[in-house]
Amino acid sequence: MDMYLTLIQLLDSTVRLATPLLLACLAGLFSERAGIFDIGLEGKMLAAAFFSAAVAALTGSVWVGLLAGIAASLALSAIHGIASITFRGNQLISGVAINFLAAGMTVLIAQAWFRQGGRTPSLIGNARFEPVTLPFAEALQNVPFIGPLYYELISGHSVLVYMAFAAVPLTWWILFRTRFGLRLRAVGENPAAVDTAGVSVVGLRFAAVAICGVLCGVAGAYLSTALQAGFVKDMAAGRGFIALAALIFAKWRPWHALYATLLFGLFGALETRPDVIESLIGMKVQGQLLAALPYVMTVIILAGFVGKAIPPRAGGEPYVKER
Amino acid sequence: MDVMPKWAEVILVPLISLLLAAVLSALVILAIGEDPVAAVKLMVNGALGSSYGWGYTLYYATNFMFTGLAVAVAFHARLFNIGGEGQAALGGLGVALACLYIPWPHWSLALIGATVAAGLFGAAWAAIPGWLQARRGSHIVITTIMFNFIAASLLNYVLVNMLRPQGSMDPATARFPEAVNLPTLHDLLAPIGISFSKAAPANVSLLVAVAACVLIWLLIWRTRLGYEIRSYGHSESAARYAGMPPTRIIMITMLISGGLAGMMAINNVMGEAERLVLNSVEGAGFIGIAVALMGRSHPFGVFIAAILFGFLYQGGAELALWTTIPRDLIVVIQALVILFTGALDNMVRMPLERVFLSLRRAPKPERKEV
């Protein structure tokens, strides 16, 4: 029973850590399926994390904060769209620029607004997403086996966690069951064909980049208003890149994105519980190894030794209407 | 036929991009309630107003020359090596091992040995993404990003568990022996009667960096290999048709690129810190991207851009010291430079091309050539 509870706790923190990865991964999925590479996920998350925490601290309402975070992320998406779609610039370089822009601006503005060394004040009360207790969770708490599972693992997360998990089937449905999704995927594979069909390539790509911005905004807001209570400098801490890794790991498919981010979330959870691994496999595993594992696994997948990851064909290529 | 004359391409476009970045940076300073003119004055004074300031500016510039060249060389083969950060970290490991475990008799020999070690380690770290790109088609941008993180974990592991001296809590190596301490610009300039600040960290590796700029220029524009690299960058299919094997070009380019990024370590690890600490690269690998873009991937451009960024770095530190503007302002400026000289290049170029086209169309019969 004790082992079981430990497992539940471990999975619980897996879910918590996987949520921002999942949201950012789905964000990248929309963008890259439409042929726009986005290595600026990290920067968008960071900007959203700051603005949602800052606005939540100033207004006292976490929902206004969430909107501000999404707006900030959308603004960076707009820059990425203008650079890579309108002006047909290099999408990778634009992503790098966005990451630095967010890294610098968040600290600069945080210092100007709050004067606390690049952080926001701690969020309390309504300025934070509190855990949601699902119906009957209290009542079922003491039922053996199912009780802890329901109470600890399924109930008691912030509303954003449930939104993130609901976004997976929604993304699948949009991409594979709607006309918009078909066109979006087509624009990432063969934009000329979409153009010939009389559909705007530019419009579709901007739509994809905007969806990416919204999802990154939620991911960032989750970091600073749900996972933690306030913004600290560089709090995205490479999560945008892990999400990118998960996207490749999932081979640009929504359900696989869920599995990949849960796996990487589990690595993150294990990193904080070295005792669990030690009792599980009987030897000590270095934290650094766990931290590097998502990246190593992604490189192996990319290398095509275990099932090749093939990106959307027109990814990274600006579309020129007439040559 | 080029739309724009060469001078516009080489000077005007980067200058306008830079100007746009500068104007936006000034607006950012205004927006956070500070005076941009005073800020620039403070930066110029702090970075260029004394030999102490120059010493720091040139120290940073040395780092950026190496990482900027690393990115630039890869750009010529149309490879985007974003992994300078990791390669420089590994280069630091190479320098540390060379300095700690080989009893060098004199700093000059140690410098040669450490440069080779740094280059080899950096090149090795770039070799795997290069090979994966060449043989397995894995996108080099993603693999080099991943290798940055893997390098950070590896360095963390090595420093904490292997190289840390007994009894020390600090995740860093022991201090390098006295014999491998590199002479600073003060030591180099004193014999010829120029007094240079003693406290500034600029050292003899600056000369190595300048030599690297010259050598890379020779390599890219004066050798067969450089021609192959550039051909491959312009058109892979043409290069392949001309009998240049892509695998070999990718591998050699990435080895050179990684080696250059690794060599940065002779400046920051051997020249300044004199031991290897965690996160010794401090983002210089990424600044290399901005430097290479601004310098248009030309070694001379990289040299100038590196000094400019050295100035920004030292000036930014002064700003943080004397005003409430945090040092992160430099990160914003860096982002804007990358944005305008890199991603939004066409935004500047398209209107300029239109201007030059309309100038050319204007009737000028006397200048008509056959």
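**Fold of chain A and its contact with chain B**

In the predicted model, chain A has a radius of gyration of 20 Å, which agrees with the value near 20 Å that a compact globule of 323 residues would have. Taken along the principal axes, the box filled by the C-alpha atoms of chain A is roughly 65 × 50 × 40 Å. Of the 323 residues of this chain, 52% count as buried.

The secondary structure of chain A consists of 14 helices, with zero strands, and the pattern read along the sequence is accordingly α-α-α-α-α-α-α-α-α-α-α-α-α-α. When contacts in chain A are restricted to pairs of residues at least 6 apart in sequence, 77% of them join residues that are at least 24 apart.

Chain A also touches chain B, with 37 residues of chain A in contact with 36 residues of chain B. On the side of chain A that touches chain B, at least two residues each are supplied by helix H3 (62-86), helix H4 (91-114), helix H11 (239-249) and helix H14 (287-303) of chain A. Of the elements on this side, H4(A) gives the most, contributing 14 residues. Sorted by class, the side of chain A that touches chain B comprises 24 nonpolar residues and 12 polar residues, together with one charged residue.

Methods: Residues are numbered from 1 along each chain as its sequence is written. Chains are lettered from A and ligands numbered from 1 in the order in which they are written. This is a predicted model: local features need pLDDT of at least 70, side-chain atom pairs count only at pLDDT 80 or more; totals for chains, interfaces and linings use all residues. Helices (H or I, at least four residues) and strands (E, at least two) are DSSP runs, numbered from the N terminus. The radius of gyration is taken over C-alpha atoms; the globule rule is 2.2 Å times the number of residues to the power 0.38. A residue is buried if 20 or more other C-beta atoms lie within 10 Å of its own, exposed if 12 or fewer, and partly exposed in between; C-beta atoms are placed from the backbone. Two residues are in contact if their C-beta atoms, placed from the backbone, lie within 7 Å. Ala, Val, Leu, Ile, Met, Phe, Trp, Tyr, Cys and Pro count as nonpolar, Asp, Glu, Lys and Arg as charged, and the others, Gly among them, as polar.
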